[in-house]
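Let's take a walk through this one together. Keep the model open and turn it as you read.

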Amino acid sequence: MTSGITPPFDGSAGVDLTGRTAMVTGAGSGIGRACARALAAAGARVHVVDLDAEAAKSAAEETGGLAHAVDLSRASLVGELPTEVDILVNNAGLQHVAPLTEFPPDRFELMQKVMVHAPFLLLRQTLPHMIAGGWGRIVNISSVHGLRASPYKAAYVTAKHAMEGLSKVAALEGAPHGVTSNCINPGYVRTPLVEQQIAAQAAAHGIDPERVVGEVLLSRSAIKRMIEPAEVAAVAVWLCGPHTGYITGASLPVDGGWSAA
Ligand code: NAD
C-alpha cells in the first residue's frame with residue numbers, strides 16, 4: 001500500500017524551534033527517531049534517549065543531537081538525564097501480546113516502568129526548567145490503545161490509559177506557566193514494533209501472518225494503510241509550533257478513523 005505523504009518530508013512543517021532543547025525517548029527507532037529528525041529539522045537541539053546504544057548513537061549523528069544510552073526502566077538512570085529541556089517527547093515503548101491469564105507479570109511490570117513511571121519521572125525533573133522559562137511542550141506518544149482496548153494487550157492498554165491521565169494532570173499544572181501537555185494517539189504505524197507484533201498476533205488469533213495486517217491491524221481503521229512515522233512526527237512538531245498554544249490536555253487521534261467508528 002502506498003504512503004500518503006510526498007517526499008521530501010522532514011515533518012518540521014515550517015515550525016521554527018531554533019534555541020529550543022528537546023528530549024525524545026525511544027529516539028533510536030520508529031516514531032521516536034522520526035520525531036527527533038523533525039524536531040532537529042525545525043532547529044531544536046535534540047537529546048536522543050534509547051536503550052539501544054548503537055541506535056541512539058546513529059540517531060544522534062543523523063540529527064546533530066546528543067545520544068544517551070539509558071534503560072528507562074531503571075529510575076536511577078532516568079535521574080541522570082539532562083533536565084534543561086523545553087520539549088519532552090515521551091515516546092519509548094514496547095509491546096507484549098498474550099491473553100490476560102497467560103500474561104507474564106514481570107513483562108507487565110516492565111511495561112509500566114518504561115511507559116508510565118519513566119514519563120512521570122521525566123516530567124517531574126524537566127518541568128521546573130520549563131516553568132522557569134515560561135514555555136514548555138510535553139508530547140506524549142500514546143496510542144489508540146490509550147482510548148480503546150484490544151484483547152491480548154493488557155499491559156499496553158493499561159500503560160497507555162495511564163499516560164492519558166498523566167498528560168492531563170501535566171496540562172493542568174503547566175497551564176499557568178506556558179507549558180502544554182498533549183497525547184498523540186496513532187493507529188498502526190509502520191515501525192519495527194508493529195512488524196514484531198504481526199507474528200505474535202497471528203499466533204494469538206490463530207491466522208496466517210499475511211492476514212494479520214488486513215484482518216486484525218487495519219480492521220477498525222477507515223483508511224486502509226498503515227501510518228508513516230513522519231506523519232506522527234509532524235503532529236508532534238505542530239504541537240510545539242506557534243499556533244497550538246491553546247491546545248492542552250488533549251488527545252489527538254492519528255488513527256485513520258479507527259476511534260470515530
Ligand atoms: P520501536 O520499537 O520502533 O521503537 C521504540 C524504541 O523504544 C526503540 O528504539 C527501543 O529501543 C526503545 N525502548 C524500548 N524500551 C526502552 C527502555 N527500557 N529504555 C529506553 N528505550 C527503550 O517502536 P515505535 O512503533 O516507534 O513506538 C514508539 C512509541 O509509539 C511507543 O510508545 C508505542 O507504544 C507508540 N505507538 C506505536 C504505534 C505503532 O503502530 N508503531 C502505534 C501507536 C503508538
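How many residues surround the ligand, and which are the closest? There are 27 around it, and the closest are Ser 29, Asp 50, Tyr 156, Val 189 and Thr 191. Before you zoom in, keep in mind that you're looking at a predicted model.

Start with the oxygens of the ligand and look at what the protein backbone is doing there. A polar backbone atom of Ile 31 sits 2.8 Å from a ligand oxygen. At Asn 91, a backbone N or O atom comes to 2.6 Å from an oxygen of the ligand. Val 189, already on the list of closest residues, also has a backbone N or O atom 2.6 Å from a ligand oxygen. As for how covered the ligand ends up, take its accessible area on its own, 830 Å², and the protein covers 92% of that.

Now zoom out to the chain. The assignment divides it into domain 1, made of 21–187 plus 230–249, and domain 2, which is 190–226. Notice that domain 1 comes in two stretches of sequence, 21–187 and 230–249. Measure between the C-alpha centres of the two domains and you get 24 Å. Where they meet, domain 1 puts in 12 residues and domain 2 puts in 10.

How much area is buried between domain 1 and domain 2? It's about 810 Å², with carbon and sulfur atoms giving 57% of it. People often quote the size of an interface this way, as the accessible area lost when the parts come together.

What about charges and polar groups across that interface? The count is 1 salt bridge between domain 1 and domain 2. If you look for Glu 231 and Arg 225, you'll find them joined in a salt bridge, with their closest N and O atoms 2.9 Å apart. Polar contacts between the domains come to 3 residue pairs, counting those with both residues at pLDDT 80 or more. On the side of domain 1 that touches domain 2, the residues split into 5 nonpolar, 5 polar and 2 charged.

Methods
Residues numbered from 1 in each chain as written. Predicted model: local features only at pLDDT ≥ 70, side-chain atom pairs only at ≥ 80, totals over all residues. Heavy atoms only, no water. Domains from an automatic or database assignment. Contact = heavy atoms within 4.5 Å. Buried area = accessible area lost by both parts, 1.4 Å probe. Salt bridge = Lys/Arg side-chain N within 4 Å of Asp/Glu carboxyl O. Polar contact = N/O pair within 3.5 Å; in protein donor to acceptor, adjacent residues only side chain to side chain. Nonpolar A, V, L, I, M, F, W, Y, C, P; charged D, E, K, R; others polar. Near = heavy atom within 4 Å. Areas by Shrake-Rupley, 256 points an atom, 1.4 Å probe, with all protein chains shown as cover.
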